[in-house]
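Me: I'm new to reading protein models. Could you walk me through this one and show me how each label is earned?

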Amino acid sequence: MMMPMLWQPSVLLPSAPDLIYGTLCFIVIAIAMYKFAWPSFMHALDTRREKIEDGLRAAEHAQDEVAAARGQLESDIQSAHRDAAEIREKAQNAAKGIVADAQSQARKEADRIVNDAQVQIDGQARAATRTLHAHLGVLASELAERIVGEQLQDPAVASRVIDRFLDDLQADQDSDAGRTREASEQRA
């Protein structure tokens with residue numbers, strides 16, 4: 001006769017000795033893993049976490065440095081713009097000064113040229129007046145000879161007649177020159 005089996009093998013439940021040996025092996029392996037492998041695993045995780053945190057701190061520090069550098073760059077750009085504006089203003093002022101100096105020198109040169117020309121004209125006018133006086137003296141003498149009908153033999157008499165004629169001519173010329181100056185001053 002057969003004995004009835006209390007326990008029948010099942011696909012879902014292992015046999016009792018397999019269950020006991022399997023559980024004991026699992027506990028031994030779990031304890032060994034907890035004692036030896038778990039600290040290494042946790043150390044690797046901690047190291048990785050520290051590296052990530054260091055990387056994040058470095059990134060924040062780099063962002064701060066970039067922000068500071070950007071602020072410094074903007075400050076430098078503004079300073080460069082101010083410096084460029086000052087340089088432009090100084091250059092414009094210098095250009096105005098140069099133009100004013102050139103105009104002043106041109107006026108001085110023009111005044112000098114006008115004065116030199118006036119002196120030259122006055123000299124030529126005096127030379128022309130002397131030449132004219134000499135010719136007028138000869139003409140006056142010839143006219144006096146024709147009017148009187150005889151030659152002025154006496155040089156002293158001839159000289160007095162010529163001098164009187166030239167003095168009258170000079171007085172007429174001076175009065176004409178005074179009127180000309182008054183007219184030119186009124187125009188100016």
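Me: How many helices and strands does the chain have?

Reply: Happy to help! This is a predicted model, and its chain has two helices and zero strands. Helix 1 covers residues 16–148, and Tyr34 lies in it.

Me: Why is Tyr34 called exposed rather than buried?

Reply: Set its value against the cut-off. Tyr34 has a relative accessible area of 59%, and exposed means over 50%, so Tyr34 is exposed.

Me: What makes Trp38 count as partly exposed?

Reply: Partly exposed is the range between under 20%, which is buried, and over 50%, which is exposed. Trp38 has 43% relative accessibility, so the label is partly exposed. Phe41, with a relative accessible area of 45%, is partly exposed by that rule too.

Me: How do you know that Trp38 and Phe41 form an aromatic pair, and why is the pair called tilted?

Reply: A pair of aromatic rings is described by the distance of the centres and the angle of the planes. By the rule used here, the count comes to one aromatic pair. In it, Trp38 and Phe41 are 5.6 Å apart centre to centre, with 40° between the planes. Centres must lie within 6.5 Å, so the rings pair. Under 30 degrees would be stacked and over 60 edge-to-face, so 40° is tilted. Both residues lie in helix 1, three residues apart, about one turn of the helix.

Me: Which residues form the nonpolar patch on the surface?

Reply: The patch is formed by Tyr34, Trp38, Phe41, Met42 and Leu45, with about 530 Å² of accessible area together.

Methods
Residues are numbered from 1 along each chain as its sequence is written. This is a predicted model: local features need pLDDT of at least 70, side-chain atom pairs count only at pLDDT 80 or more; totals for chains, interfaces and linings use all residues. Side-chain values use heavy atoms; hydrogens and water are left out. Patches are made of residues with over 30% relative accessible area and no salt bridge: like charges are joined within 9 Å, nonpolar side chains (Val, Leu, Ile, Met, Phe, Trp, Tyr) within 5 Å. Accessible areas come from the Shrake-Rupley method with a 1.4 Å probe; for residues, only the protein chains shown count as cover. A salt bridge is a side-chain nitrogen of Lys or Arg within 4 Å of a carboxyl oxygen of Asp or Glu. Helices (H or I, at least four residues) and strands (E, at least two) are DSSP runs, numbered from the N terminus. Buried means under 20% relative accessible area, exposed over 50%, partly exposed in between (1.4 Å probe, protein chains only). Rings of Phe, Tyr and Trp (its six-membered ring) pair if their centres lie within 6.5 Å; planes under 30 degrees apart count as stacked, over 60 as edge-to-face and the rest as tilted.
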